[in-house]
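Got the structure open in your viewer? Let's walk through it stop by stop, picking out one piece at a time.

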Protein chains: 2
Amino acid sequence: MRIVAGKDILRANDQLAELNFRRFSDAGVFVVNLLGSPGSGKTTLLEALCRYWSGRVRMGVIEGDLAGSIDAERIQKLGIPVVQINTMGACHLDAAMIATAANELELEHLDFLFIENVGNLVCPANFRLGEHLRVLLLSVPEGDDKPVKYPVIFQEVGAVVISKKDLMPLLPFDLGRVKGELRQLAPEARVFEVAAIRDEGVGEVAVFLEEARRNFGKVSFGGEVGRE
Amino acid sequence: MRIVAGKDILRANDQLAELNFRRFSDAGVFVVNLLGSPGSGKTTLLEALCRYWSGRVRMGVIEGDLAGSIDAERIQKLGIPVVQINTMGACHLDAAMIATAANELELEHLDFLFIENVGNLVCPANFRLGEHLRVLLLSVPEGDDKPVKYPVIFQEVGAVVISKKDLMPLLPFDLGRVKGELRQLAPEARVFEVAAIRDEGVGEVAVFLEEARRNFGKVSFGGEVGRE
C-alpha cells in the first residue's frame, strides 16, 4: 500500500495547477491569486479596480470562502461574472477547486480573472492555483510586523498591496520597516499603497496589472511574475 | 497497514490536550487559548491585561508564531514568564507543542497561562490545547462579516473580544450585526469591546477572566467555559 503524504498532495496540486495555467494562458486571461488576512480588503480592492476600469477591462472573479457568498454578492452587484467556492472548512483554495470553478466562466471573454483566496496568511502559500501572479494584501491595522511573522507567504508574491493606507496617520505602522523586510523576503515584488474605499492608489495597481498582462506571454509556469 | 487520517490526528491531539488540561488544573493555573486573525491585537490585549493587573495576578504566556520571537520579546519586557513556540510553517498550535512549552514554565506559580495561537481564523479551531477557555479577538478593521465567513471558529469560543473599538467611528462596522450573528453561532459566549492600546474595556475582560478562574474547578475537559 502506498501512503499519500503531504509532499505528494502538493505535487499533485502543482500538476493540476500547471494544467490550469495552460488553460488560462491559452484563453488569453491573466490570472491573479489574491491573498491576505481576513478583512485585509481583498474584495474592496476588487470593487475599486472595477470602478477604475469601468468597463474598459473585462474582469471575472472566483471567490473562496469557508461558508456563505457575501463577497460574491458584492462582486455580482458590479455586473462582473463571479463564481463562489465554499471550501467547507478548508483553509485555502487548491487547483482542483479552481479547475471546477473555471468551468462556470467564459474564460475567452475575460482579460483578468481574480481569485480571492480564503483569508489566511499561512496555508494558501503552498497551494498554487495556476495563476500568473500572486498579489498579497497587508492592511495597515494588521501592523508592520507581519512580514517577519509570516515570511513564507511574503516570499511567494509578485506584488504587495499595503491597504487601508488612510489609517496610517492613526496607527503605529512603520512603512519603512515593511519595505525593508520585503527587500529581504521578496526583492522582486512591487509594493503599492492604497485606500481602496476612497479609490486612492488603485490606478497604480491597475496600471501594474495591465503591464503584467501585456507581458504574460513571456511567463512560464513556475516563473510567475515576481518569482525569481 | 493502518492509515493515519485527519480524524485520527485530531483524536490523538484531543487525548494529549486532555492530559494538558489535567496538568494545568492540578497546578491551579487557568489556561486561555487566545485566537484571532493576524494583527487582531492579541499581544496588545495581553500587554493591557498586564498593566491592568499590575502584579496582583500572576500571568504566564506561551507565544505561537511561524517564525521569530517578536511577540515574546514584547511580553518579556513586561517581566512576565514567556515561552516562544516557532511552528516552522504550521498554521496552528497543537497539544504536543503546548506540553513541551509548558515544561519551561513554573505552572504552580501562575494564576493564568495565556496561549497566543498563530494568527489564523481557520486552522486553530480544530486543535484543542488543554485550555479552560477560548477567547477570540475580532478587530474592528477586519469587518463585521467575519462570523458569517468563518463560522467554525466562532462556534468554539467562550468569549469574543471586539478589539480596536476606537476605530469604530471611522470604519463601516455594524456591532449589532456581529452580536446578532454571535447569538446564533455562540449563544453562550460573552462579548466585550476593547481598545487595548488605550486601556479601554480591559477591566471588564479581566474581571470576566477572574470570575471564570474562580469557577474553574467546575469545568471538565470538553466542557470548557462557554461551551455547551
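Before selecting anything, one working rule: two strands count as paired if DSSP finds at least two bridges between them. Also keep in mind that you're looking at a predicted model.

**Stop 1: a pair of strands in chain A.** Select residues 30–36 and 112–116 of chain A, which are strands β1 and β4. They pair in the parallel sense, over 5 bridges. To see how they line up, show A:Asn33, which stands opposite A:Ile115 in β4(A).

**Stop 2: the whole sheet.** Now widen the view to the sheet that holds this pair. What is the order of its strands in chain A? Reading across, you get β3-β2-β4-β1-β5-β6-β7, an open sheet of 7 strands with parallel pairing. Colour 82–86 and 190–193 of chain A to mark the edge strands, β3 and β7, each of which pairs on one side only. Tilt the view and look along the sheet: neighbouring strands are turned by 20 degrees against each other on average, direction ignored.

**Stop 3: a helix across the sheet.** Add residues 95–102 of chain A, helix α4. This helix lies across β2, β3 and β4 of chain A, and runs at about 145 degrees to β3(A).

**Stop 4: over to chain B.** Select 112–116 of chain B, strand β4. Here 5 of the 5 residues are buried, so the strand is largely enclosed by the rest of the structure. Turn on side chains: B:Phe112, B:Phe114 and B:Glu116 point one way, while B:Leu113 and B:Ile115 point the other. Note that B:Glu116 is buried along with the others.

Next, bring in the strands that pair with β4(B). Strand β1 of chain B (residues 30–36) runs parallel to β4(B) and is joined to it by 5 bridges; look for B:Val31 opposite B:Leu113. Strand β2 of chain B (residues 59–65) is also parallel to β4(B), again with 5 bridges, and B:Met59 stands opposite B:Phe112.

**Stop 5: where the chains meet.** Show both chains together. How many residues of chain A are in contact with chain B? There are 29, touching 29 residues of chain B. On the chain A side, pick α5 (146–149) and α6 (151–154), which each supply at least two residues. The largest share, 3 residues, comes from α5(A). Colour that side by class and you'll find 15 nonpolar, 8 polar and 6 charged residues.

**Last stop: the symmetry.** Zoom out. A rotation of 180 degrees, with 0.0 Å of shift along its axis, superposes chain A on chain B with an RMSD of 0.0 Å. The two copies are thus related as by a two-fold rotation axis. In addition, 100% of the interface residues of chain A are also interface residues in chain B, so the copies meet through the same surface.

Conventions: Residues numbered from 1 in each chain as written. Chains lettered and ligands numbered in written order. Predicted model: local features only at pLDDT ≥ 70, side-chain atom pairs only at ≥ 80, totals over all residues. Least-squares fit on C-alpha atoms with pLDDT ≥ 70 in both. Contact = placed C-beta atoms within 7 Å. Helix = DSSP H or I, 4+ residues; strand = E, 2+ residues; numbered from the N terminus. Axes fitted to C-alpha atoms, helices over the stretch in contact; angles between N-to-C directions. Buried ≥ 20, exposed ≤ 12 C-beta atoms within 10 Å, placed from the backbone. Nonpolar A, V, L, I, M, F, W, Y, C, P; charged D, E, K, R; others polar.
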